[in-house]
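Please look over the sequence and the model shown here before reading the report.

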Amino acid sequence: MTTPFRRPTAEELAAAHGATIPDVAAPGLRVLFCGINPGLWSGATGRHFARPGNRFWPALYRSGFTPRQLRPDEQAELLGFGLGITNVVARTTARADELTADEYREGGAALVERVARLRPRVLAVLGIGAYRTAFGRPKAGVGPQSEGIGATEVWVLPNPSGLNAHYTPDGIAAEFRRLREAVESYEAGEAGEEGKPGEEAREGR
């Protein structure tokens, strides 16, 4: 049973600085979304993308990943849709620019290990700057990346924070939709391969 979502107090927000929150993850997900790090609202509530105005939950719905817009306190329901959430850096801060380059790089290395263990179909990093620093790829752009992690495809999506002025809500939802369509294409291709008869079956053996 989920705990009703409520607005954290100023004291709770202040105390959340440096806290960590659990991932929403499981092996074999369709998409593992990866935020930069938890903000104070997330650290105080234990819910990812919890701050009002964050565009993650609306983008999931508008892009077709979820049949309705989930609330942060319903984050566990993502697993039923084959989706999950983790972060590049675990510690809570008021702003992402409080993180150091070393934290990004260490977080990127830990993320590679996490992905190798969980083996999602796609890792979607939410923030181009975070991806470039964490993975040492300064020229990377939004969209699918040329290098995956094992069998996992890697995508970069816009940071859904309300502080990201480079993308409108429509623009963020469009990039999420592009990923959803790609995932469905991967799945359709795999289903087609599984339906093909083997050599022996084609030869009547």
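The report below takes up the sheet, a helix beside it, the salt bridges and the aromatic pairs.

## The sheet and its strands

This is a predicted model, and its strands give a convenient place to begin. An open sheet is formed by 5 strands, which follow one another in the order E2-E1-E3-E5-E4 with mixed pairing. At the edges stand strand E2 (83-87) and strand E4 (143-144), each of which pairs on one side only. Helix H4 (residues 101-118) packs on this sheet, where H4 touches E1, E2 and E3, and the direction of H4 makes about 155° with that of E2.

Strand E1 (residues 31-35) has a parallel partner in E2, with 5 bridges between them, and another in strand E3 (residues 122-126), to which E1 is joined in the parallel sense over 4 bridges. Individual bridge partners can be named on both sides of E1: Val31 is matched with Leu83 in E2, while in E3 the partner of Phe33 is Ala124 and that of Cys34 is Val125.

## The surroundings of E1

How many residues of E1 are buried? The count is 5 of the 5, so E1 is largely enclosed by the rest of the structure. The side chains are divided between two directions, with Val31, Phe33 and Gly35 pointing one way from E1 and Leu32 and Cys34 pointing the other way, and all of these residues are buried.

## Helix H5

In helix H5 the buried residues are Ala130, Tyr131, Ala134 and Phe135. These residues cover an arc of only 100° around the axis, which puts them on the same side of H5. An α-helix has 3.6 residues a turn, so residues three or four places apart point the same way. The buried residues of H5 pack against H4, E3 and E5, and just after H5 comes Gly136, which takes a positive phi of about 65°.

## Salt bridges between separate parts of the chain

The model has a count of 14 salt bridges, and two of the pairs described here involve Glu187. In one of them, the side chains of Glu187 and Arg30 meet with an N to O distance of 2.7 Å. Glu187 lies in helix H6 (residues 169-195) and Arg30 in the loop between helix H1 (10-15) and E1, so this salt bridge ties together parts that are 157 residues apart in sequence. Glu187 also forms a salt bridge with Arg121, for which the closest N and O atoms are 3.9 Å apart. Arg121 belongs to the loop between H4 and E3, whereas Glu187 is in H6, so the pair connects parts that are 66 residues apart in sequence. Each of the three residues is partly exposed, with a relative accessible area of 24% for Glu187, a relative accessibility of 21% for Arg30 and one of 22% for Arg121.

A further salt bridge joins Arg137 and Glu147, with the closest N and O atoms 2.9 Å apart. This pair links distant parts of the chain, for Arg137 is in the loop between helix H5 (128-135) and E4 and Glu147 in the loop between E4 and strand E5 (153-157), with the two positions 10 residues apart in sequence. Arg137 counts as partly exposed at 25% relative accessibility, and Glu147 likewise counts as partly exposed at 44%. Elsewhere, a network of salt bridges links Arg68, Arg71, Asp73, Glu74 and Glu77.

## Aromatic pairs

The structure holds 7 aromatic pairs. In the pair made by Phe33 and Phe56, the ring centres are 5.5 Å apart and the planes stand at 80°, so the arrangement is edge-to-face; the angle is over 60 degrees, which is the cut-off for that class. Phe33 lies in strand E1 and Phe56 in helix H3 (residues 56-62), so the pair ties together parts that are 23 residues apart in sequence. Both rings belong to buried residues, since Phe33 has 0% relative accessibility and Phe56 also has 0%.

Which residues do ring pairs link into a cluster? The cluster consists of Phe33, Phe49, Phe56, Trp57, Phe65 and Phe176. Phe33 thus appears in two settings, as a member of this cluster and as a residue of E1 whose bridge partner in E3 is Ala124.

How values were computed. Residues are numbered from 1 along each chain as its sequence is written. This is a predicted model: local features need pLDDT of at least 70, side-chain atom pairs count only at pLDDT 80 or more; totals for chains, interfaces and linings use all residues. Side-chain values use heavy atoms; hydrogens and water are left out. Two strands pair if DSSP finds at least two bridges between them. Contact means heavy atoms within 4.5 Å. Axes are lines fitted to C-alpha atoms, for helices over the stretch in contact, and angles run from 0 to 180 degrees between N-to-C directions. Buried means under 20% relative accessible area, exposed over 50%, partly exposed in between (1.4 Å probe, protein chains only). A salt bridge is a side-chain nitrogen of Lys or Arg within 4 Å of a carboxyl oxygen of Asp or Glu. The arc is that of the directions from the helix axis to the C-beta atoms. Rings of Phe, Tyr and Trp (its six-membered ring) pair if their centres lie within 6.5 Å; planes under 30 degrees apart count as stacked, over 60 as edge-to-face and the rest as tilted.
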